[in-house]
Amino acid sequence: MEFIDLASQQTRLKQKLDDNIQRVLAHGKYVMGPEVLELEKQLAGYVGARHAIGCASGTDALLLALLSYGVGSGDAIFTTPFTFIATAEVISLLGAAPIFVDIESSTFNLDPTKLKLAVQAVQSNDPSVYPLPYCRPGGRGALPPLRPRGVITVDLFGLPADYDRLNAISSENDLFVIEDAAQSFGAEYKGNKACALGHIGCTSFFPAKPLGCYGDGGMCFTADDSLNETIRSLRVHGQGHHKYDHVRIGINGRLDTLQAAILLAKFEIFPEEVELRQQVAQRYSELLAPCSGIHTPSIPAGYLSVWAQYSLLAESETHRTALQQKLKEAGIPTAIYYPKPLHLQTAFAALGYQKGDFPISEDYATRIFSVPMHPYLQAAQQESIAAILRRV
Ligand SMILES: Cc1ncc(COP(=O)(O)O)c(C=O)c1O
């Protein structure tokens, strides 16, 4: 059994994919070709965003978003420690400080109540209000005054965060909101599509994502004309009026034409795949309902998850190991997203955070695991997964 079955999708789309790839080979515009512009147009329409800017990866999308706000040293950017490293890596790359904020126990997403506390802690420079970086043994010692600038929310596993509350707190405190929608392209929050829920939405087209290409790719979305212009310039070395006019320091962050052509083929069946994902998730929830020791995901009213992952919580780490082992013996792959919260990663050791700072993230890292999830998962396969989990 595959964890994510890309082969079934490819078989279904083979002709269309071949045609689209051949078209690019024929016109030869491999960089920023017409397929990139067409994809930007189609995805902006789907998301309901005024602008879409294709780029080289989800990580670059986040980096471009932060660069467009001029983020740098002394800036505090609030985010969750229960995510892939890219979310916070880009903050540190620019010399800004990631301020971690624990997640809600029910959704795995940034907790608005704790965000409020973390903003207060930075404003008052007081780690007794909420854990702050640089103020523990092993950190840099004295807490430098930081300037709250923005929030990077994450729609983990394909479920949007609580944007009504997160946007309200951000707006009260003059913070921008970058939505890390790497896992949530296609999801919805109260009638609006993921990628359009903050000031800039950033998604990833990594192959395993709900809409994935055959390599790396990403996209920024925004309603703001000025941010759009800045991101377009940053994407190509801070380009100005022509190719060798540079008005700011940027990056080479372009999306390949071939990847755009592949995405155009896949996007044709994407809405149907989102629907199939709902059916697969619904079936898991029903099949696993009798397992009292396994916690299945709950989707709040008004939200639509795109189910990038179907993640379960075991009772303990030992229980999780037993469940994964039994599935493995039956040839069923599982994965752990994420085994170590970011504040405990060596890469962020200089921030001086400690074990115990973000208890929900730390607890879930020991108990969470994901089972196979993709639009082509068969009912019989899900039944065999559930039967094993029920037995353990
Ligand atoms: C939450 C999150 N943010 C950012 C990224 C980075 O995307 P990419 O791998 O396309 O750079 C990922 C990819 O796994 C992700 O899951």
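Contact here means heavy atoms within 4.5 Å. Keep that cut-off in your selection tool as we walk through this predicted model.

**Stop 1: the two domains**

Start by colouring residues 6–267 as domain 1 and residues 270–391 as domain 2, following the domain assignment of the chain. If you place a marker at the C-alpha centre of each domain, the two markers sit 23 Å apart. Now select the contacting residues: you should get 54 from domain 1 and 41 from domain 2.

How much area do domain 1 and domain 2 bury between them? The value is about 4000 Å², and carbon and sulfur atoms carry 63% of it. On the domain 1 side, show F82, F100 and F157 as sticks; these three lose the most area to domain 2, and together they make up 17% of what that side buries.

**Stop 2: polar links across the interface**

Next, turn on the polar contacts between the domains. With both residues at pLDDT 80 or more, 17 residue pairs are in polar contact across this interface. To see which elements supply the domain 1 face, highlight α1 (6–27), α4 (86–93), β3 (97–100), β6 (188–189) and α8 (257–267), each of which gives two or more residues to the side touching domain 2. Colour that side by residue class and you will find 30 nonpolar, 14 polar and ten charged residues.

Side chains of opposite charge can pair when their charged atoms come close. Between domain 1 and domain 2 the count is one salt bridge. Zoom in on R12 and E272, whose side chains meet in a salt bridge with an N to O distance of 2.7 Å.

**Stop 3: a salt bridge along a helix**

Widen the search to the whole model, and the salt-bridge count comes to 16. For one of these, go to helix α2 (residues 34–47), which holds both E38 and K41. These two residues are three positions apart, about one turn of the helix, and their side chains form a salt bridge at 3.9 Å, N to O.

**Stop 4: a three-stranded sheet**

Switch to cartoon view and look for β7, β6 and β10, which form an open, antiparallel sheet in that order. Which strands lie at the edges? They are β7 (192–193) and β10 (303–304), each pairing on one side only. Two bridges link β6 and β7 in the antiparallel sense; to find one of the bridge pairs, select Y189 and its partner N192 in β7.

**Stop 5: two backbone details**

Finish with the backbone torsions. Select Y337 and Y338: a cis peptide bond joins them, with omega at about 5 degrees. Y338 belongs to the loop that runs between α10 (317–329) and α11 (359–367).

Then move to M32, in the loop between α1 and α2. M32 is not a glycine, yet its phi is positive, at about 55 degrees.

Definitions and conventions:
Residues numbered from 1 in each chain as written. Predicted model: local features only at pLDDT ≥ 70, side-chain atom pairs only at ≥ 80, totals over all residues. Heavy atoms only, no water. Domains from an automatic or database assignment. Buried area = accessible area lost by both parts, 1.4 Å probe. Salt bridge = Lys/Arg side-chain N within 4 Å of Asp/Glu carboxyl O. Polar contact = N/O pair within 3.5 Å; in protein donor to acceptor, adjacent residues only side chain to side chain. Helix = DSSP H or I, 4+ residues; strand = E, 2+ residues; numbered from the N terminus. Nonpolar A, V, L, I, M, F, W, Y, C, P; charged D, E, K, R; others polar. Pairing = 2+ DSSP bridges.
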